[in-house]
Amino acid sequence: MLTGVVAGAVFTSPAVGSILAAIRTVRQAGAVGTLLIVKNYTGDRLNFGLALEQAQAEGADVQMVVIGDDSAFKIQKKAGRRGLCGTVLIHKVAGALAEEGVGLNEIVRKVTAVAAAMGTLGVSLSPCSVPGSRPTFHLAVDEFELGLGIHGEAGVRRMKMMPADKIVKIMLDHMIDPSNASHVALKPGASVVLMVNNLGGLSYLELGIVAGSAVHYLENRGIHIARAFVGSFMTALEMAGVSLTLLLVDDELLNLIDSETTAMAWPQHARASVSHKRRQRIAPEEYPEEEKFVPTGVPASPQIKLVLETVCSTLLNLQEKLNELDRAAGDGDCGSTHARAARAIQEWLSTNPPPEYPSQLLSALARLLLEKMGGSSGALYGLFLTAAAQPLRMSSDPSSWSVAMDAGIEAMKRYGGAAPGDRTMLDSLCAAAEELRALKNPGANLMQVLAKAVQRAEYAAESTRNMEAAAGRASYISSAQLDQPDPGAVAVAAILQAVLEGLQAQPK
C-alpha cells in the first residue's frame with residue numbers, strides 16, 4: 001500500500017518540511033517516482049503542493065492526486081468534495097499498481113478515474129474532542145448528524161434518532177440520488193465494493209448492524225456487492241459514527257483491491273462476493289409428532305390457568321426488582337428474562353387451552369421456556385420441568401408432586417453443577433422440596449403443606465444474602481460485594497407464592 005506516511009498534529013496538515021523529508025527518504029531508498037495521495041482539504045493541498053514543488057526543483061519525479069469522495073453536498077462547493085474514507089481504497093489500488101511496476105503517469109491516470117467512481121457519506125451519534133479541548137459540536141441524545149467530515153466538523157443535516165435500517169436508507173438514498181452533484185452513479189447490475197468504516201466509537205456489533213442494512217439495501221436494488229470491508233479504516237478520534245463508501249468496480253479493479261499486501265491493518269478478507277445468486281435456504285426437516293402418551297393420573301385442576309396467570313403477573317411486577325438484584329452479581333437481566341418467560345406464557349394461554357394432564361402441562365411449559373426464555377435460566381427451568389413431568393405421567397396425586405419436585409431438582413443439580421448453599425435458585429427450590437415431602441403422608445393437607453413450603457422458600461431466598469456464591473456469574477464476584485439475596489432464589493420463592501395464591505383464589 002503506502003511506502004511512507006506523513007502525520008501532522010491532530011486534525012492538522014503536516015508541515016512542508018516533514019512532507020519533503022518523506023519524499024527525500026523514499027527517493028534515497030530507490031524509488032524512481034513518488035505519488036502523493038492527498039485528501040482534499042485546503043491545508044493539505046497547500047502543504048503537500050509546496051513540498052511537491054520543492055522536491056521537483058531538486059530533480060525528483062513527484063506527482064500528486066487530490067482525493068475528494070464526499071457525497072454529502074448536493075451542490076458542488078468551490079472547494080470541491082472532501083477527502084474521506086474512500087481514500088484508503090485509493091491507497092490500496094495505487095500500491096497494487098506500483099507493485100506491478102506500472103509507471104507513475106499511468107498510476108495517476110488510473111487512480112484519478114477510480115476516485116471519480118467513488119462516494120462516501122458519514123453519520124454520527126456524537127461529536128469528538130481534540131485532546132484537551134471541548135467537543136467540536138453538540139448533539140442531543142435523540143439526534144444524529146448526517147454528512148460530517150473526519151476532523152470533527154458538523155455535518156450538513158441534523159435529524160431525530162431512528163432505527164439503523166432507516167438511517168442507512170437515508171445515507172444510501174442520498175449517495176445515489178442523481179440530483180446530488182456528488183452522487184455515485186449506480187444502476188441495477190452494477191458491481192461495487194462496500195466499505196463500512198467505524199469513525200472511532202462504535203462497537204463491532206453496531207458496525208455489523210449497519211453493514212447488514214447496507215447489504216440488504218443494495219441487493220434489493222439489484223446491486224452486486226463484490227467485496228465488503230467492515231472495520232476501522234479512517235477514524236475521527238472517539239466519534240460514535242460510521243461512514244459508508246461505495247466504489248464502482250470491474251474485474252481489473254477488483255484484482256488490484258484483492259492483491260496481496262503486507263500492510264497489517266488491511267483486513268485479510270475472503271476474496272469472494274458478498275452477493276450471491278439466490279441463496280438456498282434449507283429448513284429443518286419436520287418430524288411427525290410422537291404419538292401422544294395419555295397419562296393415567298387425574299386431570300389437572302381447572303384453576304391451572306388462573307395459577308399460571310398469577311405467576312405471570314407476579315414475575316412481570318418483579319422485573320425491575322430482580323434486575324436490580326442481578327446487577328450486583330450478574331448482568332442485570334434476571335428480571336427481564338423472567339418477564340420474557342411470563343409474556344411467552346401469557347401469549348401461549350391466549351391461543352391454547354392448558355393441556356389436560358399435569359405431565360403434559362409441565363412438558364409443554366418446558367418446551368415453551370426453552371424456546372422463549374433464553375439464557376441459563378431458560379435452560380434450568382426447562383430441565384426442571386422436563387424432569388418433573390416424568391413422575392406425573394403415571395400418577396398425579398399429591399405425593400407424586402413431591403416426587404416430581406425432587407426429580408426436577410436432581411436434573412438441575414446434575415447438569416447445572418450447583419448444590420444447595422451455592423447461592424442459587426436451588427436454595428429456594430430445595431427448601432420448598434423438603435416441606436413438600438410431607439405430601440407423602442396419608443391425609444396431608446395440600447394447601448397447608450404448600451403454604452409451609454412457600455414460607456421455607458422465602459426464608460431460604462432471604463438467607464442467600466449471607467452466602468458466598470459458588471455457581472453462576474455471581475461466583476466471580478467478591479463475597480464482600482454480595483449483600484443482597486440471589487435474584488434466582490427470590491424469583492423461585494415468588495413463583496411458589498403465586499402458585500399458592502392462584503390455587504387459593506376463586507375462579508371467575
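Here is a walk through some charged pairs in this structure, followed by a look at one of its helices. Keep in mind that the model is predicted.

Let's start with the charges. Side chains of opposite charge can pair when their charged atoms come close. In this model, the count of salt bridges comes to 18, and three of them make a good tour.

First stop: R82 and D70, whose side chains form a salt bridge with an N to O distance of 2.7 Å. Both residues sit in the loop between strand 2 (62–67) and helix 3 (86–99), 12 residues apart, and the pair links distant parts of the chain. Are these two partners buried or exposed? R82 has a relative accessible area of 12%, so it counts as buried. D70 is buried as well, at 2% relative accessibility; the cut-off for that label is under 20%. This pair also belongs to something wider, since D70, R82 and E153 are linked in a network of salt bridges.

Next, have a look at E145 and R158, another salt bridge with 2.7 Å from N to O. Here the partners come from two strands: E145 is in strand 4 (residues 143–146) and R158 is in strand 5 (residues 157–160), so the salt bridge ties together parts that are 13 residues apart in sequence. The surroundings of the two ends can be read from their accessible areas. E145 is buried, at a relative accessible area of 3%, whereas R158 is partly exposed, at 40%.

The third pair stays within one helix. D173 and K169 form a salt bridge, and their closest N and O atoms are 2.7 Å apart. Why are they about one helical turn apart? Because they are 4 residues apart in helix 5 (residues 164–176). Both ends are in partial contact with the outside: D173 is partly exposed, with a relative accessible area of 28%, and K169 is partly exposed too, with 38%.

Now leave the charges and turn to helix 14 (residues 425–436). This helix has 12 residues and runs 17 Å from its first C-alpha to its last, close to the 16 Å expected at 1.5 Å a residue. Of its 12 residues, 10 are buried, so helix 14 is largely enclosed by the rest of the structure. Among the buried ones are M425, L426, D427 and L436. And what covers the buried residues of helix 14? The cover includes helix 12 (375–389), helix 13 (398–416), helix 15 (446–463) and helix 16 (487–504).

Methods
Residues numbered from 1 in each chain as written. Predicted model: local features only at pLDDT ≥ 70, side-chain atom pairs only at ≥ 80, totals over all residues. Heavy atoms only, no water. Salt bridge = Lys/Arg side-chain N within 4 Å of Asp/Glu carboxyl O. Buried < 20%, exposed > 50% of the residue type's maximum accessible area, 1.4 Å probe, protein only. Expected span 1.5 Å × (residues − 1). Contact = heavy atoms within 4.5 Å.
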